[in-house]
Amino acid sequence: MIRYSFLTPADAEKINLDDLDSLVAQLTASPVKHNLTSFRRFLNQPRLFQLAAFADQHLVGLASLFVVRKIEVKAGLIEGVVVDKKYRRQGIGTKMMKMLIEKARQVGVKHLDLTSHPSRVAANRLYRRLGFHPRQTNLYRLDLS
Ligand SMILES: CC(C)(COP(=O)(O)OP(=O)(O)OC[C@H]1O[C@@H](n2cnc3c(N)ncnc32)[C@H](O)[C@@H]1OP(=O)(O)O)[C@@H](O)C(=O)NCCC(=O)NCCS
């Protein structure tokens with residue numbers, strides 16, 4: 001059975017950091033390895049709702065909701081949606097997204113934004129199935145590293 005919970009900074013030490021690193025590596029081509037301090041610091045952000053999915057004691061899914069108070073509206077940004085390879089296609093991604101959408105509604109978020117590269121077929125299907133639609137806008141980044 002899969003258990004879902006929103007993590008607090010105090011939960012950091014209950015999470016196996018190898019499970020965490022393995023999930024992050026499935027999300028990005030340039031993964032960062034976490035230690036207890038860096039993970040606790042990540043969880044300690046005031047406007048973050050960090051959802052986790054567990055199978056037994058193992059972390060098998062992650063999804064983040066960042067709430068942003070823009071000048072005109074309270075908005076939400078969904079990031080870091082990932083399910084461990086061995087647990088995909090069991091509805092975990094859908095369940096986490098639905099929980100984040102519900103949380104966003106509860107805290108008064110007016111819309112949710114996310115980005116997903118077209119090559120991420122499963123993710124794009126998942127988001128569209130839940131009602132997300134593409135917006136006509138340019139996505140910019142200034143690299144400061
Ligand atoms: C996207 C992801 C989180 C989905 O997790 P999941 O737990 O497998 O999702 P679900 O089981 O809820 O499936 C949801 C829908 O995704 C789509 N989907 C899932 N796996 C798919 C695949 N291999 N190919 C095509 N569509 C797929 C389907 O539409 C599926 O619904 P269906 O089974 O009724 O057809 C997971 O595939 C993943 O972690 N991918 C790698 C990381 C990633 O790309 N994250 C998104 C960053 S924007």
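## A helix across the sheet

Let's start with helix H3, residues 92-106, which lies across strands S1, S2, S3, S4 and S5. Its direction runs at about 30° to S3, the strand of residues 58-69. Please keep in mind that this is a predicted model.

## The sheet beneath the headings

The five strands form an open sheet in the order S1-S2-S3-S4-S5, and their pairing is mixed. Strand S1 (2-7) and strand S5 (111-113) stand at the edges with a single partner strand each, so one side of each has no neighbour in the sheet. From one strand to the next, the twist averages 25°.

As general background, strands of a sheet pair through backbone hydrogen bonds, in either a parallel or an antiparallel way. Here, S4 (residues 74-83) and S5 run parallel, joined by three bridges. If you would like a spot to look at, find Ala-75, whose bridge partner in S5 is His-111.

## Two faces of helix H4

Now move along to helix H4, residues 121-129, where Ala-123, Asn-124, Leu-126 and Tyr-127 are buried. These residues sit on the same side of H4, because they cover an arc of only 160° around the axis. Among the elements that cover the buried residues of H4 are S4 and H3, and H3 is also the helix that lies across the five strands.

The face of H4 turned away from its buried side looks quite another way: Val-121, Ala-122, Arg-125, Arg-128 and Arg-129 are exposed there.

## Just after H4

One last stop is Gly-131, which comes just after H4 and takes a positive phi of about 105°.

Methods. Residues numbered from 1 in each chain as written. Predicted model: local features only at pLDDT ≥ 70, side-chain atom pairs only at ≥ 80, totals over all residues. Heavy atoms only, no water. Pairing = 2+ DSSP bridges. Helix = DSSP H or I, 4+ residues; strand = E, 2+ residues; numbered from the N terminus. Axes fitted to C-alpha atoms, helices over the stretch in contact; angles between N-to-C directions. Contact = heavy atoms within 4.5 Å. Buried < 20%, exposed > 50% of the residue type's maximum accessible area, 1.4 Å probe, protein only. Arc of directions from axis to C-beta.
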